[in-house]
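Thanks for coming, everyone. Let me put the structure up, and then we will walk through it.

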Amino acid sequence: MTRRAFTASLASLFACSRSSAGTEPAVAFPGEADPAAIVKVAHTAEEWRARLDGEAFDVLREQGTEWAFSGRYWNNHDKGRFLCRGCGLALYESADKFDSGTGWPSFTRPTKPDRVRELRDVSHGMVRVEVRCARCDGHLGHVFDDGPPPTLQRHCINSASLVFLAG
Ligand SMILES: [Zn+2]
C-alpha cells in the first residue's frame with residue numbers, strides 16, 4: 001500500500017467511525033424535556049417536513065412504521081432517556097426498556113403517564129391502541145397488553161420517533 005493510499009484509507013476509517021458512533025438526530029422543534037405542564041404545540045405539515053427526514057416525517061406525522069430491526073434504538077441498551085423527535089418532550093427511560101424480541105424499542109411505561117396519549121386505532125384491519133406524544137401529537141407506536149411486570153404493558157415504539165439522550 002502506498003503512503004498516499006494508506007492515508008486515504010485512514011481518513012475513510014475515521015470518517016466511518018465518526019458516523020457510526022453517531023450524532024443523534026436533531027429534535028425538530030426543541031422544547032423543554034420536563035415541563036411542569038404540557039402545553040400542546042402545532043405545526044403545519046410543511047413545517048414538519050422541512051425539519052424531519054423522510055422516515056421520521058412518515059412515522060411521526062403519517063402514522064408510518066419502520067421495519068423491525070431497522071431502527072437506531074431497538075438494540076440500544078445504554079442508560080439514558082428517549083425524547084420525542086418532534087418536540088423534545090422526555091417520553092421514555094432506559095430503565096423501563098426491555099428486550100421484546102420484536103425489533104422495535106419496547107418500554108413498560110412512559111416517563112410519566114401524561115407524556116403520551118392513547119387512541120383507538122382500527123387501521124390495517126386490526127384494533128390497536130395507538131400512542132402519540134402528548135405535546136406535538138406525533139405518532140410513536142402502539143401499546144399492547146403482553147409486556148413484563150410491573151405494568152404488563154408493551155409500548156412498541158418506532159426509533160424514528162425518538163432521540164436518545166445518554167446519562
Ligand atoms: Zn412530541
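**A walk through the model**

Let's start with one turn. In the hairpin of β1 and β2, five residues sit between the strands. Gly-88 is in that hairpin, and its phi is positive, near 85°. Keep that hairpin in view; we will come back to its strands.

A word on what you are looking at. This is a predicted model. The average pLDDT of the protein is 90. A score of at least 70 is reached by 87% of the residues. Now the weak part. Over residues 5-21, pLDDT stays under 50. For that stretch the model has one contact beyond four places in sequence. Please read that region with care.

Next, the overall layout. The protein has three helices and nine strands. Going from the N terminus, the order is α-α-α-β-β-β-β-β-β-β-β-β. Of the 167 residues, 32% are buried. Now take the contacts in the protein with a separation of 6 or more. Residues 24 or more positions apart account for 58% of them.

Back to the hairpin strands. β1 covers residues 80-84, and β2 covers residues 90-93. They run antiparallel, joined by three bridges. Two pairs are worth finding on screen. Leu-83 has Ala-90 as its bridge partner in β2. Phe-82 has Tyr-92 as its partner in β2. β1 also pairs with β9, residues 162-166. That pairing is antiparallel too, with five bridges. Here Cys-84 is bridged to Leu-162 in β9.

Now the other sheet arrangement. What is the order of the six strands in the open sheet? It is β3-β4-β8-β7-β6-β5, with antiparallel pairing. The edges are β3, at 97-98, and β5, at 116-121. Each of those pairs on one side only. Further in, look at β7 and β8. β7 spans residues 139-144 and β8 spans residues 154-157. Four bridges join them, and they run antiparallel. His-142 stands opposite Cys-156 in β8.

On to the core. How many residues does the largest nonpolar core have? It has 31. Those with the most contacts inside it are Leu-83, Cys-84, Leu-91, Cys-133, Ile-157 and Leu-162. You have met some of these names already. At least two residues each come from α3, β1, β2, β6, β7, β8 and β9. The most come from α3, which gives four.

Let's zoom in on one core residue. Set aside residues up to four places away in sequence. Cys-133 then touches Cys-84, Gly-86, Cys-87, Leu-89, Leu-91, Val-116, Gly-138 and Leu-140.

Now α3 itself, residues 54-62. Which residues of α3 are buried? Ala-56, Phe-57, Val-59 and Leu-60. The cover over the buried residues of α3 includes α2, at 45-51, and β7. Right after the helix comes Gln-63. Its phi is positive, near 60°.

Two loop positions to finish. The first is Ser-94, in the loop between β2 and β3. Why does Ser-94 count as partly exposed? It has 19 C-beta neighbours inside 10 Å, and a residue needs 20 or more to be buried. Leaving aside neighbours within four places in sequence, Ser-94 is in contact with Asp-78, Lys-79 and Gly-80. Ser-106 is twelve residues from Ser-94 along the chain. Their C-alpha atoms are separated by 9.7 Å.

The second is Thr-23, in the loop between α1, at 3-21, and α2. Is Thr-23 buried or exposed? Thr-23 is exposed, because there are 7 other C-beta atoms within 10 Å. Now look across the sequence. Thr-23 and Phe-164 are 141 residues apart along the chain. Their C-alpha atoms are separated by 10.0 Å.

That is the tour. Let's take questions.

How values were computed. Residues numbered from 1 in each chain as written. Predicted model: local features only at pLDDT ≥ 70, side-chain atom pairs only at ≥ 80, totals over all residues. Pairing = 2+ DSSP bridges. Buried ≥ 20, exposed ≤ 12 C-beta atoms within 10 Å, placed from the backbone. Contact = placed C-beta atoms within 7 Å. Core = buried A, V, L, I, M, F, W, Y, C linked by C-beta atoms within 7 Å. pLDDT = per-residue confidence, 0-100.
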